[in-house]
Amino acid sequence: MNIRLILNLLTLMTGGLVITITSIFIGKQAYFWLPPQAAAESHLIDDLFSFLVTVGAFIFLAVTSTVLYSVTFHRAKNYDMSDGPHIEGNITLEVVWTAIPIMLVLWIAAYSYQVYEQMGIQGPSHLLHLHNPISIQTADAQEKETPAETVSEPLEKIDVLAKQWAWVFHYPEKGITSTELHLPSDRRVRLALQSEDVLHGFYIPAFRLKQDIVPGKTIDFEFTPIRPGKYSLTDSQYSGTYFATMQANVIVETPEEYHEWLEKAVSHIPTPAKNQAASEYAQTSNQSIKTGWETVKPAAPPVVNFSG
Amino acid sequence: MTNISLEITGESHHHEPPTHWKTYFTFSTDHKVIGIQYLVTSFIFFLVGGIFAMILRGELITPESDLIDRTVYNGMFTMHGTVMLFLWTFPSLVGLANYLVPIMIGARDMAFPRLNAVAFWMVPVVGILLMSSFFVPGGPAQAGWWAYPPVSLQNPTGHLINGQVLWLLAVAISGVSSIMGAVNFVTTIVKMRAPGMGFFRMPLFVWAVFSAQIIQLFGLPALTAGAVMLLFDLTVGTAFFDPSKGGNPVMFQHYFWFYSHPAVYVIILPIFGIFSEIFPVYSRKPLFGYKVVAISSILIAAVSAIVWVHHMYVSGTPGWMRLLFMVTTMFVSVPTGIKVFAWVATIWGGKIKLTTPMMFALGGLIMFVFAGITGIMLSSVPVDVHVNNTYFVVGHFHYVLYGTVTMGMYAAIYHWFPKMTGRMFNEGWGQIHFWLAFIGTNLNFLPMHPLGLQGMLRRVASYAPEYTFWNVLASLGAFLLGMSTLPFIFNILISWLQGEKAPDNPWRAIGLEWLISSPPPVENFEEIPIVISAPYGYGKSEPLTANLENHATLIEAE
């Protein structure tokens with residue numbers, strides 16, 4: 001082995017080490033790019049995301065630094081008209097760089113699969129019967145197996161109705177209707193999602209959870225809020241003119257506070273809730289000169305016991 | 001021998017390239033005229049789509065909806081997406097392929113020249129239909145370029161002729177035009193290659209176009225059928241997708257994405273082809289792993305048929321389907337990764353010249369790697385559940401469609417400009433264009449990733465104040481990107497009119513298109529070339545053809 005080769009190897013190893021350390025550092029930063037972790041599922045997703053950022057940063061840095069190295073040190077001199085070495089390929093190298101992505105893909109897929117199963121955001125499946133201790137979940141299922149991380153207390157069941165452009169939450173056991181979604185912390189909650197008109201999407205960024213709501217279908221959706229606080233629920237599936245206004249507050253509170261709220265809300269007399277889409281619509285139709293094009297009329301403001 | 005034949009070409013009036021600009025407004029059947037027609041038309045629509053984008057980013061510079069009405073905003077993003085896809089990326093790449101493929105395979109024209117012209121003239125029709133929808137009551141379609149029912153079925157004006165109907169007609173016509181193009185390309189590549197040009201002697205751009213057009217053949221009928229069914233639902237009251245009458249709106253999503261995800265590969269594959277043509281020339285090395293790169297194009301086309309459900313992970317799709325499509329989607333990264341490694345190995349140890357086309361190709365490559373990494377994140381079901389329909393997705397696909405496709409398109413236009421026009425472009429203006437575009441792209445689309453991770457949704461006209469910072473950056477990037485087209489337009493127009501005369505092969509590149517005069521004569525070759533070696537023979541003094549002037553002698557002559 002000559003000295004040049006050893007030096008080259010050392011450079012390569014140092015470069016690799018620097019890139020590895022930088023990637024691990026960037027991967028750790030990934031947690032700070034995300035909203036607070038307010039549901040049990042968000043921890044799983046964030047860990048997976050951080051892992052993907054680490055792997056991604058490594059690949060990105062490795063490719064770009066190689067390209068930048070070439071561009072910096074392999075430039076043709078002015079008036080150098082000659083060609084580079086005639087290298088057409090290298091079977092070993094090509095096999096290696098085909099095998100590495102395949103392994104990486106399998107690894108990422110397996111990890112993602114595992115996380116998805118642990119999330120268990122929906123009821124169990126009738127469609128697939130794998131000989132697997134944890135079954136795969138589907139949207140249409142009716143029954144429910146309690147995943148390992150939930151507490152034994154019965155599930156909270158809440159009906160969620162989406163319409164152009166308002167969210168309405170119904171607590172069937174108490175007979176409460178609200179435009180603010182109250183949830184107890186550390187309890188598995190189960191929602192029944194329904195849409196009155198078009199596709200909507202149930203999305204709480206702090207929970208990292210999202211589910212489209214298809215009109216004519218009831219979709220079960222479940223998760224475990226863990227961090228008391230106020231979060232926002234948005235419509236994630238484009239639903240027409242006032243799409244951006246279709247938001248609601250989500251209040252996660254301790255089970256005691258939650259029950260207090262239920263008791264308080266049930267005593268309220270139902271009144272029409274404030275609704276941004278409806279008020280914007282009323283405003284524009286009062287204008288003498290209409291600037292906008294015609295739009296679908298917002299649904300009537302929901303009549304609720306509690307409006308946030 | 002060759003010199004004589006080329007001289008004859010020059011003398012013969014019949015074989016002269018178009019000398020008058022009016023030629024480009026005729027029903028010409030010359031694939032090169034049609035190619036330029038496509039390129040210029042699509043670039044005009046690129047500017048239109050860009051203006052829409054800047055209006056959108058103008059609205060999003062503040063959290064409130066205060067610049068334009070919500071209805072106008074919704075119409076703008078719908079038209080921005082539609083114009084950029086159906087009137088910029090598809091037609092511009094088809095135009096480039098139209099110009100290059102017959103020459104690169106040593107043919108005199110496309111297999112069906114008149115079909116080719118008809119396919120092109122449908123593009124302006126699509127454009128006029130879409131633009132006219134601004135003048136119908138209620139304005140243009142407002143359901144987004146996905147046109148998901150039931151939103152796309154809501155017709156508040158009550159008129160039969162409305163923006164959505166015109167939109168659906170335009171999409172259906174565009175689909176028919178592209179199917180015509182696909183039939184033509186596949187036939188041309190299979191049937192009209194010059195003697196000696198086996199499949200493994202085809203340039204990689206031809207391989208890429210071939211793979212992309214095969215996707216068009218199996219995918220487009222699904223989209224076109226979906227559009228027609230939606231049109232029936234909207235106009236004559238059928239109920240394919242209308243849930244209030246028992247239809248299934250999710251079924252539309254299957255029709256739509258069965259084509260519209262593979263469509264991404266229809267767009268990106270020719271760009272991979274362009275990269276594969278450009279890196280060897282400006283690195284003076286053969287393309288590393290030619291055969292594997294060629295096969296990887298076909299593999300991408302094949303896998304593309306089974307990835308569409310990754311757009312529907314959260315639309316009520318059962319768990320087993322989410323997981324199945326996660327694996328197939330991730331698998332796309334394998335043939336794509338092969339290409340990226342091959343390009344890096346091509347550049348490695350070369351004699352690199354950082355010309356404008358090379359800069360655009362390198363910038364495009366780096367941004368593509370970034371897009372590929374966020375793409376893997378999106379294919380992972382749990383991560384996608386969080387970022388689906390947020391700005392993270394918008395950032396990702398703009399890195400693909402602007403960072404890679406538009407940058408690659410610019411690389412191609414600069415690279416083949418001397419061939420197409422017979423004139424050289426101004427290198428200094430080209431470099432200014434590159435840096436404005438590169439900085440603009442990153443400033444515009446990088447901030448979308450943190451926004452999406454924080455939960456900002458796509459298609460919103462107003463947003464929570466905490467998202468303001470990144471939105472201001474993105475908007476500034478968008479305006480910079482708009483400005484970046486100015487040096488390009490200036491450079492191209494001035495150079496086309498009075499640039500320095502280009503030699504036949506200004507880059508000393510290997511390929512059949514560089515063996516004929518610039519601009520090429522009508523019917524390209526007086527004598528059909530006989531190909532005797534593989535493409536990309538850099539560093540090896542070996543002729544490419546047996547009868548035309550060969551590469552080795554060309555270099556010595558200079």
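Which strands of chain A does helix α4 (residues 255-266) of chain A lie across, and at about what angle does the helix run to β3(A)? In this predicted model, helix α4 of chain A lies across β1, β2 and β3 of chain A, and its direction makes an angle of about 95 degrees with that of β3(A).

The strands crossed by this helix belong to an open sheet of chain A, in which five strands follow one another in the order β3-β2-β1-β5-β8 with mixed pairing. At the edges of the sheet stand β3 (176-178) and β8 (219-223) of chain A, each of which pairs on one side only, and the twist from one strand to the next averages 25 degrees. Within the sheet, β1 (residues 156-163) and β2 (residues 166-171) of chain A are joined by five bridges and pair in the antiparallel sense; across this pairing, Leu161(A) is found opposite Val168(A) of β2(A).

Further antiparallel pairing in chain A involves β9 (residues 229-235), which is joined to β6 (residues 200-204) by two bridges and to β10 (residues 247-253) by six bridges. In the pairing of β6(A) with β9(A), Phe202(A) stands opposite Asp235(A), whereas Gly229(A) has Val252(A) of β10(A) as its bridge partner.

Chain A is also joined to chain B through an interface in which 96 residues of chain B are in contact with 90 residues of chain A. The size of an interface is often given as the accessible area lost when the parts come together. Between chain B and chain A the buried area is about 7,800 Å², and carbon and sulfur atoms account for 69% of this area. Polar contacts across the interface, counted for residues that are both at pLDDT 80 or more, link 30 residue pairs. Four salt bridges are found between the two chains, including that of Lys540(B) with Glu88(A), in which the closest N and O atoms are 3.9 Å apart.

On the side of chain B that touches chain A, at least two residues each are supplied by α3 (70-104), α7 (249-260), α9 (290-304), α10 (319-331), α11 (333-347), α12 (356-379), α13 (381-387) and α16 (448-454) of chain B. Helix α11(B) provides the largest share of this side, with nine residues. Sorted by class, the side of chain B that touches chain A comprises 57 nonpolar, 27 polar and twelve charged residues.

How values were computed:
Residues are numbered from 1 along each chain as its sequence is written. Chains are lettered from A and ligands numbered from 1 in the order in which they are written. This is a predicted model: local features need pLDDT of at least 70, side-chain atom pairs count only at pLDDT 80 or more; totals for chains, interfaces and linings use all residues. Side-chain values use heavy atoms; hydrogens and water are left out. Contact means heavy atoms within 4.5 Å. Buried area is the accessible area (1.4 Å probe) that two parts lose on being put together, summed over both. A salt bridge is a side-chain nitrogen of Lys or Arg within 4 Å of a carboxyl oxygen of Asp or Glu. A polar contact is a pair of N or O atoms within 3.5 Å; within protein, one must be able to donate a hydrogen and the other to accept it, and residues adjacent in sequence count only if both atoms are side-chain atoms. Helices (H or I, at least four residues) and strands (E, at least two) are DSSP runs, numbered from the N terminus. Ala, Val, Leu, Ile, Met, Phe, Trp, Tyr, Cys and Pro count as nonpolar, Asp, Glu, Lys and Arg as charged, and the others, Gly among them, as polar. Two strands pair if DSSP finds at least two bridges between them. Axes are lines fitted to C-alpha atoms, for helices over the stretch in contact, and angles run from 0 to 180 degrees between N-to-C directions.
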